[in-house]
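Let's walk through this structure together, one question at a time. Have the viewer open and follow along.

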Amino acid sequence: QVQLVESGGGLVQPGGSLRLSCAASGSIFSIYTTDWYRQTPGKQQELVATITSGGRTNYADSVKGRFTISRDNAKKTVYLQMNSLIPEDTAVYYCNAWRTVLGNKYNYWGQGTQVTVSS
């Protein structure tokens, strides 16, 4: 079992930065791949960034060059550094930790944190 708690959201002006945190408790977090998703009312959920247990990263085209995902396994925390924010980045951001064992997917979600980019 893994429990996830996101934090770091808030209101920021266009061009500003925020760092989101996804803190885990419970199982061995380092073996999980962790994704950041975002959700805006009326829009499909978007996969923003992924970091594997080995540290490989992947980003949506919409955030490449602006967002950076990282992990600190000692702190059981995954971060999403968001720079050069634009109004279109406004959404609730969720972290999702998962692993697949013998064909069974173990999947955990946090409660989300609101990011609002507005002047």
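Buried means under 20% relative accessible area, exposed over 50%, and partly exposed in between, with a 1.4 Å probe and protein chains only. This is a predicted model, where local features need pLDDT of at least 70 and side-chain atom pairs count only at pLDDT 80 or more, while totals for chains, interfaces and linings use all residues. Residues are numbered from 1 along each chain as its sequence is written, and side-chain values use heavy atoms, with hydrogens and water left out.

Q: Is Ser 84 buried, partly exposed or exposed?
A: Ser 84 lies in the loop between β8 and β9; strands (E, at least two residues) and helices (H or I, at least four) are DSSP runs numbered from the N terminus. Its phi is near 50°, a positive value in a residue other than glycine. Most residues other than glycine have a negative phi. At 41% relative accessibility, Ser 84 counts as partly exposed.

Q: Where is Lys 76, the residue with a positive phi although it is not a glycine?
A: The phi of Lys 76 is about 55°. Lys 76 has a relative accessible area of 28%, so this residue is partly exposed. Its place is in the loop between β7 and β8.

Q: Which are the edge strands of the open sheet?
A: Two strands pair if DSSP finds at least two bridges between them. Here 4 strands form an open sheet in the order β1-β3-β8-β7, with antiparallel pairing. An edge strand pairs on one side only, and that fits β1 and β7.

Q: Which residue in β3 stands opposite Val 2?
A: β1 covers residues 2-7 and β3 covers 18-26. These two strands pair in the antiparallel sense over 6 bridges. Opposite Val 2, in β3, stands Gly 26.

Q: Which residue in β11 is the bridge partner of Leu 11?
A: Strand β2 spans residues 10-12, and 3 bridges join β2 to β11, the two running parallel. β11 is also joined by 3 bridges to β9, which runs antiparallel to β11, and there Ala 91 has Val 115 as its bridge partner. For Leu 11, the partner in β11 is Thr 116.

Q: Which side chains of β11 point to one face and are buried?
A: Side chains alternate along β11. Gln 114 and Thr 116 point to the other face and are not buried. The buried ones are Thr 113, Val 115 and Val 117.

Q: How many residues does the largest nonpolar core have?
A: A nonpolar core is a set of buried Ala, Val, Leu, Ile, Met, Phe, Trp, Tyr and Cys residues joined through side-chain atoms within 4.5 Å. In the largest one, those with the most contacts inside are Leu 4, Trp 36, Leu 80, Met 82 and Tyr 93. Elements that give two or more residues to this core include β5 (46-51), β9 (91-101) and β11 (113-117). The residue count is 29.

Q: How many residues apart in sequence are the parts tied together by Cys 22 and Cys 95?
A: A search of the whole structure finds 1 disulfide (a pair of cysteine sulfur atoms within 2.5 Å). Cys 22 and Cys 95 form this link with sulfur atoms 2.1 Å apart, and with 70° about the S-S bond it is right-handed. Cys 22 is buried at 0% relative accessible area, and Cys 95 is buried at 0% too. Cys 22 lies in β3 and Cys 95 in β9, so the sequence separation of the parts they tie together is 73 residues.
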